[in-house]
Amino acid sequence: MRLTRLLILLTPLLSAAFAQSALELEVLARTNQLRLAHGLGALLWDDLAYKAALGHAQDMLARGYFSHDTPEGRTPGQRMAAAGVTEVVVGENLAFYEGYPDAEVPKKAVQDWMNSPGHRANLLKGDFTHLGVALVRQGRKVVVVQNFVGRPFDPLLKRSPAQAQRTLLWLSGQAPGTLGIFLERQLFAQVGPRLDLSLELPPGSKLEYGFNDGRGWFSVPEGRGGGWQARLEVTETPGVTLRLALPSGQYALSVGAEPRLWRRIVGPQTLELTLPGTLQFLWVGRLQGQRIDYTHRIPLR
């Protein structure tokens, strides 16, 4: 008896050498044949995506489950980030077979994915540029994992540990309305009117305040417009120095577990930033009018 199962996931989200088998490279080759036939660019092999795919394939067989999320709830995006993938746009195709010989699996997996609308969308997604494929057997069972990565450019030139400034903004009191925290003329956060909180800011940023009157923001000096107070606390903490290269275009830099807009950058430009690990992530995104399409999430720890 032969058994087939498929599963797909698409997530809108430095390389070490890993060995690939001929069967895994055949899945890549067959995927690229289909992409080229549909006028799309070929995908490049990515060691970090492969590392994440291999770990997930081995874990599913070892623990007897078949899912994009692990029993603990770890998602494909989280697994790829843990493997070192910094790109935000990632996707995953899964296939499970029982009773098929190895030689039949690459062709069957790609054919089955192409016959499934969701899997086909991943195979033929123009935003994807890189791929890692793991094909792992345990007895009669075979699992195939495709991890897709969308890498329009690679901004990270250098990463090194460093001491960094941690900047906390403490706010207290009562503001007359919503208080806007602006960094480099960009709205970083909205708080209030009751103020009893702290915000971590990127070091060295130009800080301004504003109130919203319902029609827009107007600038106010610190402490004006009500009984509220602000205080900055700067300490030294472990962090990283990042050297980034941005190609031509308009970009946004944001920080935090979820992105808070920090700066707008016009490329081409090379930047060197020293940021504390407590900010968690530096986000790089392309500006499309007022919309930001985030392409990279770079860990700061």
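# A walk through the model

Start by selecting Gly139: in the hairpin of β4 and β5, with two residues between the strands, this glycine takes a positive phi near 65 degrees. Before moving on, know that this is a predicted model, in which local features need pLDDT of at least 70 and side-chain atom pairs count only at pLDDT 80 or more, while totals for chains, interfaces and linings use all residues. Residues are numbered from 1 along each chain as its sequence is written, and side-chain values use heavy atoms, with hydrogens and water left out.

**Stop one: around β5**

Strands here are DSSP runs of E with at least two residues, and helices are runs of H or I with at least four, all numbered from the N terminus. Two strands pair if DSSP finds at least two bridges between them. Select residues 130-138 for β4, which runs antiparallel to β5 and is joined to it by nine bridges. Click on Val133, and you'll find it opposite Gln146 in β5.

Now add residues 89-98, strand β3, which pairs with β5 in the antiparallel sense over nine bridges. Val90 has Val149 of β5 as its bridge partner. How many of the nine residues of β5 (141-149) are buried? Eight of them are, so the strand is largely enclosed by the rest of the structure. Buried means under 20% relative accessible area, exposed means over 50%, and partly exposed is in between, using a 1.4 Å probe and protein chains only.

**Stop two: two helices**

Jump to residues 105-114. This is helix α4, mostly covered, with seven of its 10 residues buried. Color Val105, Pro106, Ala109, Val110, Asp112, Trp113 and Met114 to see the buried ones.

Next, go to α1, residues 22-37. At 1.5 Å a residue, its 16 residues should span 22 Å, and the end C-alpha atoms are indeed 22 Å apart, which agrees; the expected span is 1.5 Å times one less than the number of residues. Select Glu24, Val27, Leu28, Thr31, Asn32 and Arg35, the buried residues of α1. Look down the axis: the buried residues fall within an arc of 130 degrees, so they line one face of the helix. That arc is taken from the directions from the helix axis to the C-beta atoms. An α-helix has 3.6 residues a turn, so residues three or four places apart point the same way. On the other side of α1, Ala22, Gln33, Leu36 and Ala37 are exposed.

**Stop three: a pocket**

Select Lys51, Ala52, Gly55, His56, Asp59, Tyr65, Thr70, Glu72, Arg74, Arg79, Ala82 and Ala83, which line the second largest pocket. A pocket is an open set of points on a 1 Å grid over the protein atoms alone where a 1.4 Å probe fits, with protein on both sides within 12 Å along at least five of seven lines; lining residues have an atom within 4 Å of a point. Which element gives the most to this lining? Helix α2 does, with five residues. The space in the second largest pocket is about 170 Å³, a volume filled by probe spheres set on the points, with grid points joined across faces, edges and corners.

**Stop four: β12 and its partners**

Select residues 227-255 for β12, then residues 156-174 for β6: 18 bridges join these antiparallel strands. Leu168 stands opposite Glu233 in β12. Add residues 260-276, strand β13, which pairs with β12 in the antiparallel sense over 15 bridges. Ser254 faces Leu261 of β13 across the pairing. In the hairpin of β12 and β13, with four residues between the strands, Gly256 takes a positive phi near 115 degrees. Finally, five bridges join β12 to β14 (281-288), again antiparallel.

While β13 is on screen, pick Leu271, which is in that strand. Leu271 is buried, with a relative accessible area of 7%.

**Last stop: backbone oddities**

Most residues other than glycine have a negative phi, and most peptide bonds are trans. Click on Pro268 in β13: a cis peptide bond joins Gly267 and Pro268, with omega about 10 degrees. Another cis bond joins Gly192 and Pro193, with omega about 5 degrees. You'll find Pro193 in the loop between β8 and β9.

End in the loop between β7 and β8, where Glu184 lies. Glu184 has a positive phi near 50 degrees and is partly exposed at 31% relative accessible area. Arg185 sits in the loop between β7 and β8 as well. Its phi is near 70 degrees, a positive value, and at 56% relative accessibility Arg185 counts as exposed.
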